[in-house]
Number of protein chains: 2
Amino acid sequence: MEASETRRRGRSGGGGAARRAERTAVRIEAARYIERNIPNFEVLTAEAIEIIETNADTILAEIGVVFSENPAALDLWREAGAEIEGERVRLPRGLARKLCATAPSQYTQHARNPERSVVVGGRNMVCAPVYGPPFVHDAMGGRRYATIEDFRNFVKLGYMSKWLHHSGGTVCEPTDIAVNKRHFDMLLAHMTLSDKPFMGSVTEPSRAADSVEMCEILFGKEFVAENTVMTSLVNINSPLTFDVTMMGALETYARANQACILSPFIVGGAMAPVTVAGTLTQVLAEVMAGVAYSQLVRPGAPIVAGAFVTSIDMNSGAPTFGTPEAALITYGAGQLMRRLGLPYRSAGSFCGSKLPDAQAAYETANSLNMGLLAGVNFMLHSCGWLEGGLVSSYEKFVLDADQLGVLHNLARGIDLSENGQAMDALAEVGPGGHFLGCAHTHANFKDAFWRTEIFDYKPYETWSDEGSRDSQTLASARVAKLLAEYQAPPIDAATSEALADYVARRKASMPDAFG
Amino acid sequence: MEASETRRRGRSGGGGAARRAERTAVRIEAARYIERNIPNFEVLTAEAIEIIETNADTILAEIGVVFSENPAALDLWREAGAEIEGERVRLPRGLARKLCATAPSQYTQHARNPERSVVVGGRNMVCAPVYGPPFVHDAMGGRRYATIEDFRNFVKLGYMSKWLHHSGGTVCEPTDIAVNKRHFDMLLAHMTLSDKPFMGSVTEPSRAADSVEMCEILFGKEFVAENTVMTSLVNINSPLTFDVTMMGALETYARANQACILSPFIVGGAMAPVTVAGTLTQVLAEVMAGVAYSQLVRPGAPIVAGAFVTSIDMNSGAPTFGTPEAALITYGAGQLMRRLGLPYRSAGSFCGSKLPDAQAAYETANSLNMGLLAGVNFMLHSCGWLEGGLVSSYEKFVLDADQLGVLHNLARGIDLSENGQAMDALAEVGPGGHFLGCAHTHANFKDAFWRTEIFDYKPYETWSDEGSRDSQTLASARVAKLLAEYQAPPIDAATSEALADYVARRKASMPDAFG
């Protein structure tokens with residue numbers, strides 16, 4: 001994994017013509033990923049960690065996990081020393097942790113534009129957009145089923161967002177395309193409308209294989225064999241169940257040395273115990289079993305340990321977001337995953353609100369802040385999530401993406417250079433003066449503070465004269481501006497044609513399947 | 001300070017009749033204060049702390065601070081060993097820190113209802129509402145000058161808010177009352193419409209003295225002499241200046257053993273250097289000088305070390321809120337204040353938005369989260385702040401107050417009892433089951449998760465049928481409900497009359513002064 005990073009890829013989206021085009025094209029400013037110079041926030045004491053780790057081992061040894069409809073997986077487990085009873089797999093204490101050790105602590109996911117490649121793990125955080133909603137929402141059109149046009153719009157918005165590092169996967173479900181063909185159009189959009197890294201399909205093992213094939217066209221077959229070019233999302237069916245579809249995708253990707261995020265998907269009180277410590281224990285057991293399995297399939301396969309956790313409204317059964325219980329789990333899980341030496345996925349722009357209003361923003365800000373401080377390495381859903389994940393919101397996408405800039409600057413930590421200490425400025429200004437005109441301020445003000453691209457700080461009268469716009473309205477204007485200014489990143493014409501041909505041919509070869 | 005906590009006060013808002021009334025009155029649920037079972041988040045390394053503390057001492061020794069129009073203060077400083085030049089006070093290295101040592105690390109602020117008394121310091125956080133806005137805003141009436149009716153409404157809302165521990169001070173400026181008489185009506189409202197602790201007037205030393213007198217009526221003279229019953233806000237004129245009005249209020253309160261928050265009021269880049277480390281250095285120097293001065297006035301006087309810090313929009317000069325730079329300063333200042341052994345005031349429901357919209361909520365949530373994690377002990381402005389502090393917002397008051405509940409549950413940390421570990425539940429449910437019906441969930445679900453009193457988690461169709469209400473609309477409904485349900489806490493009739501008489505007499509004795 002690490003060694004291959006130094007190798008240059010063969011096709012990189014094309015030859016000299018493409019590179020010349022790249023030099024002359026409009027440059028989109030993009031942060032590569034967040035590099036933390038601040039500590040992680042840790043809520044578990046050493047004693048708490050020991051309790052939870054011991055309990056997780058007890059779960060794996062005594063309760064076990066289920067690998068359903070997957071005899072090959074059971075064979076692998078049996079060989080590795082697990083006890084098999086039907087589809088139930090029980091792991092002797094310590095086995096799962098030992099098997100996890102071959103998973104890399106960090107890996108590079110290559111983008112077709114090398115400047116956009118990301119390093120997942122360590123003290124980094126990579127931000128990817130919302131994943132999975134069947135609906136979209138915008139201020140003008142309200143809530144409606146998502147189409148491939150929406151999908152392409154969100155990929156464009158992601159490409160234009162400075163603080164978003166990753167193009168994501170199913171930014172919304174293109175419901176106007178047959179279920180068995182969507183992945184072709186989705187991947188084609190990520191590959192051609194953006195040059196940021198992206199995710200592959202997981203809804204069938206065969207679609208994972210298609211994703212690898214398309215990457216081979218984009219990056220070159222040899223490059224893909226030697227490098228990770230996709231990070232895909234594999235959910236665990238909590239509690240303690242690994243279904244054959246998701247595991248099939250995992251197996252396909254692991255064999256191809258492509259990365260997967262292995263995530264329990266937990267609504268606390270429903271798929272896990274109603275307590276924080278109980279949920280942490282279950283999450284750890286599930287992640288250890290899943291990661292161990294990925295390493296049985298291919299030792300060294302890159303994998304991200306996930307924890308998607310929400311709490312539940314016990315009146316309605318609805319999942320709730322931005323809650324303190326989810327925060328405690330996210331902080332604690334970060335510690336547990338770091339002790340496993342694995343990159344950690346959690347947090348996101350989570351909210352339950354139907355609109356990009358104050359509720360949505362409180363919930364989201366709670367979650368984004370905890371994501372940064374919890375040491376998350378891959379933050380899926382980092383922008384655009386609305387209504388419990390049922391909806392991709394245009395306005396919230398750009399509002400959240402703006403807030404990711406806050407996380408970047410917070411992660412920078414405190415500059416203690418002589419310039420940072422500013423003792424000259426303090427001496428120059430002295431008691432009762434002001435710093436607006438001093439030399440130090442002039443030299444530093446451009447980069448001193450994070451700047452929003454949406455929020456309003458104008459005087460009340462100006463704001464009122466301009467129509468008293470709320471942040472949803474300001475966000476709508478930004479969405480329109482970004483989509484109007486969008487220009488596709490350059491791509492080699494032959495590669496582009498080969499991708500389009502592949503998609504057309506494959507789609508023509510199969511009947512439409514819906515649902 | 002500490003010793004007097006065990007003494008019971010004489011009048012406590014009345015005798016047996018009042019106590020009987022209290023027993024039969026509607027009970028308002030109220031959390032006492034936040035008790036942290038989670039660590040503080042610390043961004044400064046030991047080396048960074050040493051640099052900043054050394055630099056702060058350099059500022060005090062070489063640049064000095066100004067105590068303007070205050071010859072008595074200069075005399076106190078001269079006696080203590082400072083070097084005086086005009087109004088400039090230069091402190092030998094180490095002197096300020098040494099003088100700070102007599103300030104208590106925590107103190108109890110008594111409320112007239114003993115159940116509402118708060119302990120400021122240690123691992124606690126006390127939340128008080130917004131302070132100072134000349135305007136109010138609600139969804140129906142928009143933005144307008146605040147009146148005493150608004151003031152009383154905000155005191156009532158504060159009383160009704162479970163997660164708000166403190167009634168605050170100038171929850172809005174009652175602009176329909178003469179400037180020189182407002183403090184009487186404001187204090188009367190806090191004393192009679194709520195039974196939570198409150199703040200005194202600081203706009204003139206004489207008004208601080210009036211505040212003490214009114215407390216003597218409410219609590220009894222002897223009780224006030226021996227106990228702290230007010231925590232009031234004294235701002236430093238950053239950079240490095242202590243004006244005679246604010247210091248006069250501080251002197252009055254310190255002599256009466258009443259607490260003050262001593263806070264630099266800093267818009268970064270204007271009143272302090274544009275860098276985080278430079279601002280931290282100035283904040284530390286200012287706080288040390290101010291706290292040291294309070295201890296010269298009365299050793300042992302309770303004092304809270306503050307840091308009100310925002311960044312600035314370098315285009316418009318407007319202050320900005322919820323920014324990463326302010327967060328780094330707030331985290332760092334917490335460490336510096338704890339090393340001084342002082343309770344720490346910072347953070348709040350800060351935002352620049354004109355409306356309680358997504359911008360307001362992102363900014364506020366960023367600040368509330370950092371307040372909890374930074375180890376803040378007294379969070380002024382913890383709800384209701386809008387438009388850079390120009391406006392007290394009805395809707396935002398209840399929205400923010402709801403979010404304070406999130407902080408309470410986050411601060412509780414993780415329960416690692418046998419019940420918290422939930423191993424029985426995990427064994428009972430097993431792979432593929434669900435936890436909704438298990439015994440452990442039934443036993444725990446009522447207290448397991450924080451519950452909003454405003455946010456909407458209903459299914460889309462229900463929400464749509466109910467009018468597609470955004471969170472501002474839901475908040476308006478909650479404001480109306482709380483004000484309609486409000487009942488004043490019981491108070492002894494004689495005390496109530498004595499307070500009203502005092503206010504009427506004092507107001508009649510002076511001409512109206514506006515502005």
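**Exercise 1. Describe the overall build of chain A, starting from its count of 19 helices and 19 strands.**

*Solution.* Begin with the counting rule: helices (H or I, at least four residues) and strands (E, at least two) are DSSP runs, numbered from the N terminus. This is a predicted model, in which local features need pLDDT of at least 70 and side-chain atom pairs count only at pLDDT 80 or more, while totals for chains, interfaces and linings use all residues. Residues are numbered from 1 along each chain as its sequence is written, chains are lettered from A and ligands numbered from 1 in the order in which they are written, and side-chain values use heavy atoms, with hydrogens and water left out.

Next, look at the dimensions. The C-alpha trace of chain A spans about 75 × 60 × 50 Å along its principal axes.

Then ask how much is hidden. Buried means under 20% relative accessible area, exposed over 50%, and partly exposed in between (1.4 Å probe, protein chains only). By that rule, 66% of the 515 residues of chain A are buried.

Last, check the contacts (heavy atoms within 4.5 Å). Among those in chain A between residues at least 6 apart in sequence, 78% join residues at least 24 apart.

**Exercise 2. Work out how chains A and B are related.**

*Solution.* Superpose the copies by least squares on the C-alpha atoms of residues with pLDDT of at least 70 in both. A rotation of 180° with 0.0 Å of shift along its axis places chain A on chain B, with an RMSD of 0.0 Å. This is the relation of a two-fold axis. To find that axis in chain A, go to Ala358(A): its C-alpha is the nearest, 2.1 Å away.

Now turn to the interface. Because 99% of the interface residues of chain A are also interface residues in chain B, the copies meet through the same surface.

**Exercise 3. Follow helix α7 of chain A and find what covers it.**

*Solution.* Helix α7(A) takes in residues 205-219, 15 residues in total. Its reach from first C-alpha to last is 21 Å, close to the 21 Å expected at 1.5 Å a residue; the expected span is 1.5 Å times one less than the number of residues.

Its buried residues include Arg207(A), Asp210(A), Met214(A) and Phe219(A). Among the elements covering the buried residues are α6 (182-193) and α19 (493-508) of chain A. Just after the helix, Gly220(A) takes a positive phi of about 95°.

**Exercise 4. Trace the open sheet of four strands in chain B.**

*Solution.* Two strands pair if DSSP finds at least two bridges between them. The order is β3-β4-β2-β11, and the pairing is mixed. β3 (83-85) and β11 (241-242) of chain B stand at the edges with a single partner strand each, so one side of each has no neighbour in the sheet. Three bridges join β3(B) to β4 (residues 88-90) of chain B, and these strands run antiparallel. One pair to locate is Glu83(B) with its bridge partner Arg90(B) in β4(B).

**Exercise 5. Find the unusual backbone spots in two loops of chain A.**

*Solution.* Keep a general rule in mind: most residues other than glycine have a negative phi, and most peptide bonds are trans.

In the loop between β10 (231-236) and β11 (241-242) of chain A you will find Pro239(A). A cis peptide bond joins it to Ser238(A), with omega about 0°. Leu240(A) lies in the loop between β10 and β11 of chain A too, and its phi is near 65°, a positive value. Leu240(A) counts as buried at 1% relative accessibility.

His381(A) sits in the loop between β17 (378-379) and β18 (385-386) of chain A. Its phi is positive, about 60°, and His381(A) is buried, with a relative accessible area of 4%.
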